[in-house]
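Trainee: I'd like to learn how to read a sheet and a few odd residues in a model. Can you walk me through one?

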Amino acid sequence: MLTKAIEWLGDRVKILDQTQLPREEVYLELSHYQDIASAIIAMKIRGAPAIGIAGAYGVALGALKIESVARDEFLDKLRVITQNLAATRPTAKNLFWAIDRMQQVAQTGKDVGQIKKALVAEAVKIHAEEAEATRRLSQLGAELIRDGSTILTHCNTGPLATAGYGTALGVIIRAQAQGKRIKVLATETRPLLQGARLTAWELKKASVPFTLITDSMAGYFMERGEVDYVIVGADRIAQNGDTANKIGTYSLAVLARENDVPFYVAAPTTTIDLSLASGDKILIEQRSPAEVTHIQEVSLAPEGTQAANPAFDVTPHRYITAIITERGIVKEPYIDSLEAILLTTN
Ligand code: MRU
């Protein structure tokens, strides 16, 4: 059974609070769009596809609460809601894609009652389509994996991060479901430990054999020939294939190249941003230094220590063996193949 990271309950949204995992499975019911925005900022819900879906439900919740019946006044208020949701986290394309799609639906509605209904239906549709996209890309990606492989993955990219089947972790879980013997090296993923807390939890649930390693152990295992593939997710993929993903991904890609290990990125097409020519245009979220100086409120560094906390880095396209999407697997030259894949219909 897939974990339900996000569930629409008709007039509220139920989420599994990812900050409490793996200690406790705490579900929260959120009725206001501001609660969704706060949950995204606090990373109670996280992962690029999941925050896109949460953002869409946030727009729907916000719309349902607007009391104005005049269309223009309603749309003005809706714009404030979408701006607040868009201001939560800057890097993942999926959030902005979902909010834009909701805005377009609102613009085409004739009256407020109809727009509200259409927005709820659109958010539910976005969720279903995104879940289906991750199911398909997991299936396609799994075909690439040889029986008996060890796969290194970073951060958390499973059902929790996608409110669907997963991206990189979806590929891994699907490969095992195809009967292949798979082992995983999961990086802990400092500073917020999505690997240790969430990927380990999901792999255990899926009965995939795994070993947890610190981020700095990746080179040790690759150099010894103990890694057959690196597979990661993505938060935003630029037109030329440069890919923003969790901090530390770039280092893994360089190590993979040095050690002749194929490096795959798995993402739904909603993560692709053709409006940005290259990765240097991707806005990287800078989070609180306290996430580096502390682990779950326990201080690690002397008081007053300065710390940097970029949440993502950009892997240049030349390190990426292929990008696995629900519409197909694309390779260099990404500048052509990404555009072509977006033009194909499902
Ligand atoms: O900061 P997070 O935990 O939201 O970052 C998540 C990642 O970087 C994932 O690898 C990414 O969203 C792609 S997979 C679903």
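Mentor: We'll go through the sheet, then two arginines, then some backbone details. Keep in mind that this is a predicted model.

Trainee: Let's begin with the sheet. How many strands form the open sheet, and in what order?

Mentor: The general idea is that strands of a sheet pair through backbone hydrogen bonds, either parallel or antiparallel. Here 7 strands form an open sheet in the order E6-E5-E4-E7-E10-E15-E16, with mixed pairing. At the edges sit strand E6 (210–213) and E16, each pairing on one side only. From one strand to the next, the twist averages 25°.

Trainee: In what sense do E7 and E10 pair, parallel or antiparallel?

Mentor: Strand E7 (residues 229–232) pairs with E10 in the parallel sense, over 3 bridges. You can follow the register residue by residue: valine 230 stands opposite phenylalanine 263 in E10, and valine 232 has valine 265 of E10 as its bridge partner.

Trainee: And going on from E10 to E15, what is the sense of the pairing?

Mentor: Parallel again: strand E10 (residues 263–266) and E15 share 3 bridges. Look for tyrosine 264 opposite alanine 322 in E15, and alanine 266 opposite isoleucine 324 in E15.

Trainee: What about E15 and E16, parallel or antiparallel?

Mentor: Antiparallel, over 3 bridges, with E16 spanning residues 328–330. A hairpin of 2 residues joins E15 to E16. To check the register, find isoleucine 323, whose bridge partner in E16 is valine 330.

Trainee: How do I read the two faces of a strand? Which residues of E15 are on which side?

Mentor: In a regular strand the side chains alternate between the two faces of the sheet. In E15 (residues 322–325), Ala322 and Ile324 are on one side, Ile323 and Thr325 on the other, and all are buried, so both faces are covered by the under-20% cut-off. E10 reads in a similar way: Phe263 and Val265 are on one side, Tyr264 and Ala266 on the other, and all are buried.

Trainee: Which strands does helix H5 lie across?

Mentor: Helix H5 (residues 112–142) lies across E10, E15 and E16, and runs at about 140° to E15. Helix H12 (residues 334–343) lies across E15 and E16, at about 165° to E16.

Trainee: Now the arginines. Where is arginine 46 found?

Mentor: Arginine 46 is in the loop between helix H1 (33–41) and helix H2 (48–65). When you meet a charged side chain like this, check its burial and its partners. Arginine 46 is buried yet has no salt bridge, and the nearest side chain of opposite charge, glutamate 202, is 6.8 Å away.

Trainee: What does the side chain of arginine 46 make a polar contact with?

Mentor: One polar contact is with the side chain of glutamine 18, at 2.8 Å. The arginine 46 side chain also reaches the backbone oxygen of asparagine 156 at 2.9 Å. Among the residues that arginine 46 touches are Ile51, Arg89, Cys155 and Leu198.

Trainee: Why does arginine 101 count as buried?

Mentor: Arginine 101 counts as buried because its relative accessible area is 17%, and the cut-off is under 20%. Arginine 101 lies in helix H4 (residues 93–108). The side chain of arginine 101 makes a polar contact with the side chain of glutamate 129 at 2.8 Å. Besides Glu129, arginine 101 touches Glu122, Lys125 and Ile126, not counting residues up to four places away in sequence.

Trainee: On to the backbone. Which residues does a cis peptide bond join?

Mentor: For this feature, read omega. Arginine 190 and proline 191 are joined by a cis peptide bond, with omega about 10°, and proline 191 is in the loop between strand E5 (182–187) and helix H8 (194–205). The bond from glutamate 332 to proline 333 is also cis, with omega near -5°. Proline 333 is in the loop between E16 and H12.

Trainee: What is phi of methionine 43?

Mentor: Near 65°, a positive value in a residue other than glycine. Methionine 43 is in the loop between H1 and H2, and counts as buried at 6% relative accessibility. Leucine 193 also has a positive phi, near 60°. Leucine 193 sits in the loop between E5 and H8, and is buried at 13% relative accessibility.

Key
Residues numbered from 1 in each chain as written. Predicted model: local features only at pLDDT ≥ 70, side-chain atom pairs only at ≥ 80, totals over all residues. Heavy atoms only, no water. Buried < 20%, exposed > 50% of the residue type's maximum accessible area, 1.4 Å probe, protein only. Helix = DSSP H or I, 4+ residues; strand = E, 2+ residues; numbered from the N terminus. Pairing = 2+ DSSP bridges. Axes fitted to C-alpha atoms, helices over the stretch in contact; angles between N-to-C directions. Contact = heavy atoms within 4.5 Å. Lys, Arg positive; Asp, Glu negative; His and termini not counted. Salt bridge = Lys/Arg side-chain N within 4 Å of Asp/Glu carboxyl O. Polar contact = N/O pair within 3.5 Å; in protein donor to acceptor, adjacent residues only side chain to side chain.
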